[in-house]
Amino acid sequence: MTASLEKGISVLKEVIDAPIASYFNSCVHCGMCAEACLFYTETGDPKYTPIYKLEPLRRVYRQEYTLLGRLAKLFGLSKPVTDEELEAWKPLVYDSCTMCGRCSLVCPVGNDLVYMVRKLREGMAVSGHAPDGLVGASTRAVEIGSPMGVRLPAVQAQMKHVHADTGIEIPLDVEGAEYMVLMSSMEIINFPEYLGAIARIMKQAGKSWTLCSDAFEATNSGIQIGVSDIAKVLVQRIVDGAEKLKVKTVISPECGHAYTALRWEGPNLIGRPYTFEVLHILEVLDGFRTQGLLKTKGYEEARLTFHDPCQLVRRGGVIEQPRNLLRMVARDFVEMNDAGQMNWCCGGGGGVSAVDEAVPLRLQAFKIKKAQLEETGAKTLVTACANCRIVIEEGLEHYQMNIPVVGVTETLASHLVEGD
Ligand code: SF4
Ligand code: SF4
């Protein structure tokens, strides 16, 4: 056994806790999780059944923690997990799981399959079986500060552009501001309109806010690759920045997993509660709406629909906020079939969009989103995650569908009453 495999197996043994043991024991092999997974429904291939993707973890559980499994291992009657097997499982654990949580929601015995995938990724990463794209992203996140290699000067360049466009100076490192705004590198590079929209909304709402030069990036590639130590470093960076600036609230951007990583997993990763609150930008904007701080004019005339980012709708509980906000500015807002809690994933979450080898499968899985969209007859798609946005744009391009994809924040900002 190679040293890295030994480490990987030892990590897998460590991550098998009471919930994981009970999940494996309680599985009734009903197959309902398969029907919930877009990689299974769009390919019909049984290897994409969620519980099957966890087979190496199940084998370690049986061999180490059940009497029969231990006896079988002792007498050489069970197959040990090997490097070849983990390498063969890489496309099942990374390329074909967006950690969307749809399977966890439908499992009749309550198995949290996403939790199990996350734990299996821990062993896969340590034993050297994580995809190169994710290894590169998490290395850049730790060493440079962002998974796409974005540095502070790139953020400062965007700040200057926004100032030139809006006349609003973007605050940086302002101690005592109420809100600290995070962005994802995708927003900095691909969707700079997000920062301009925040600036205009905060101005109208009369709120103090700031970016932080030490912690502007929200993305947590440690969660995606499955390395808790990296996830912890990235959360700690944000915590240090927020505590140094003494802000009341940290705003997670239009990104799905960044929100769940920071809000729900972060305190456990760093081992203590935060001294500040974490909210998703949609929660903040909907709060402004209920306080009467947002004044809008005019409506989007084209039919709009909304794509729910999985981490927000299933694991974050952010469901009504985008709908409340879109109804302020859309005359013809229609829901997709399965919208809300059971919405289908874009196909690129959970780090899948960073894996080059996964592109053909991802485009095949996109057929479900394509069908959902076509049924609505919508002329514009709105979402609240920069990663979903890029993945959907690629899917639409591939299937030659001419539907613009925009964010909620910028859509709202484009209807703010001028000069107020
Ligand atoms: S839905 Fe739950 S019980 Fe059914 S096969 Fe999947 S994990 Fe097992
Ligand atoms: S989390 Fe989503 S993508 Fe992953 S196995 Fe479950 S349904 Fe499939």
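**Figure 1. Helix H23, residues 386-398, in the predicted model.** At 1.5 Å a residue, the 13 residues of H23 should span 18 Å. The end C-alpha atoms are 18 Å apart, so expectation and model agree. Buried positions in this helix are Ala-386, Asn-387, Cys-388, Arg-389, Ile-390, Val-391, Ile-392, Gly-395 and Leu-396. Gln-400, just after H23, takes a positive phi of about 50°.

**Figure 2. The largest nonpolar core.** This core has 65 residues. Leu-54, Leu-57, Tyr-94, Ile-392 and Leu-396 make the most contacts inside it. Helix H10 (residues 113-126) gives the most to the core, with seven residues. In soluble globular proteins, nonpolar side chains tend to be buried together.

**Figure 3. Surroundings of Tyr-94.** Beyond its neighbours within four places in sequence, Tyr-94 is in contact with Arg-121, Met-124, Ala-125, His-129, Ala-130, Pro-131, Leu-134, Gln-224, Ile-225 and Val-352. Another core, of 46 residues, lies apart from the largest one. Its members include Ala-197, Phe-306, Leu-412 and Ala-413.

**Figure 4. The shell around ligand 1.** Cys-27, Val-28, His-29, Cys-30, Gly-31, Cys-33, Ile-51, Cys-107, Pro-108, Val-109 and Asn-111 surround this ligand. Eight of these residues are nonpolar, three are polar and none is charged.

**Figure 5. The shell around ligand 2, with Thr-98.** The residues around ligand 2 are Ala-36, Cys-37, Phe-39, Pro-50, Lys-53, Cys-97, Thr-98, Met-99, Cys-100, Gly-101, Cys-103 and Val-114. The shell divides into nine nonpolar residues, two polar and one charged. Thr-98 sits in the loop between helix H8 (83-95) and helix H9 (102-106). Its relative accessible area is 4%, so Thr-98 is buried. Not counting residues up to four places away in sequence, Thr-98 touches Phe-39, Gln-311, Cys-345, Gly-347, Gly-348, Gly-349, Gly-350 and Val-352.

**Figure 6. Ala-218 in its loop.** The loop runs between strand E2 (209-210) and helix H15 (221-225). Ala-218 counts as buried because its relative accessibility is 5%, under the 20% cut-off. Leaving aside neighbours within four places in sequence, its contacts are Leu-182, Met-183, Ile-238, Pro-253 and Ala-258. Ala-218 and His-161 are 57 residues apart in sequence; their C-alpha atoms are 21 Å apart in space.

**Figure 7. A salt bridge inside helix H6.** The structure holds 22 salt bridges. One of them joins the side chains of Glu-55 and Arg-58, at 2.9 Å from N to O. Both residues lie in H6 (residues 55-65), three residues apart, about one turn of the helix. An α-helix has 3.6 residues a turn, so residues three or four places apart point the same way. Glu-55 is buried at 16% relative accessibility, whereas Arg-58 is partly exposed at 29%.

**Figure 8. The salt bridge between Arg-362 and Glu-394.** The two side chains meet at 3.0 Å, N to O. This pair links distant parts of the chain: Arg-362 belongs to helix H21 (residues 359-365) and Glu-394 to helix H23, 32 residues apart. Arg-362 is buried, with a relative accessible area of 4%. Glu-394 is partly exposed, at 38%.

**Figure 9. The salt bridge between Glu-374 and Lys-370.** Their side chains meet at 3.2 Å, N to O. The two residues are four apart in helix H22 (residues 367-376), so about one helical turn separates them. Glu-374 is partly exposed, with a relative accessible area of 46%. Elsewhere, salt bridges that share partners join Lys-13, Glu-64 and Lys-73 into one network.

Conventions: Residues numbered from 1 in each chain as written. Chains lettered and ligands numbered in written order. Predicted model: local features only at pLDDT ≥ 70, side-chain atom pairs only at ≥ 80, totals over all residues. Heavy atoms only, no water. Expected span 1.5 Å × (residues − 1). Buried < 20%, exposed > 50% of the residue type's maximum accessible area, 1.4 Å probe, protein only. Core = buried A, V, L, I, M, F, W, Y, C linked by side-chain atoms within 4.5 Å. Contact = heavy atoms within 4.5 Å. Near = heavy atom within 4 Å. Nonpolar A, V, L, I, M, F, W, Y, C, P; charged D, E, K, R; others polar. Salt bridge = Lys/Arg side-chain N within 4 Å of Asp/Glu carboxyl O.
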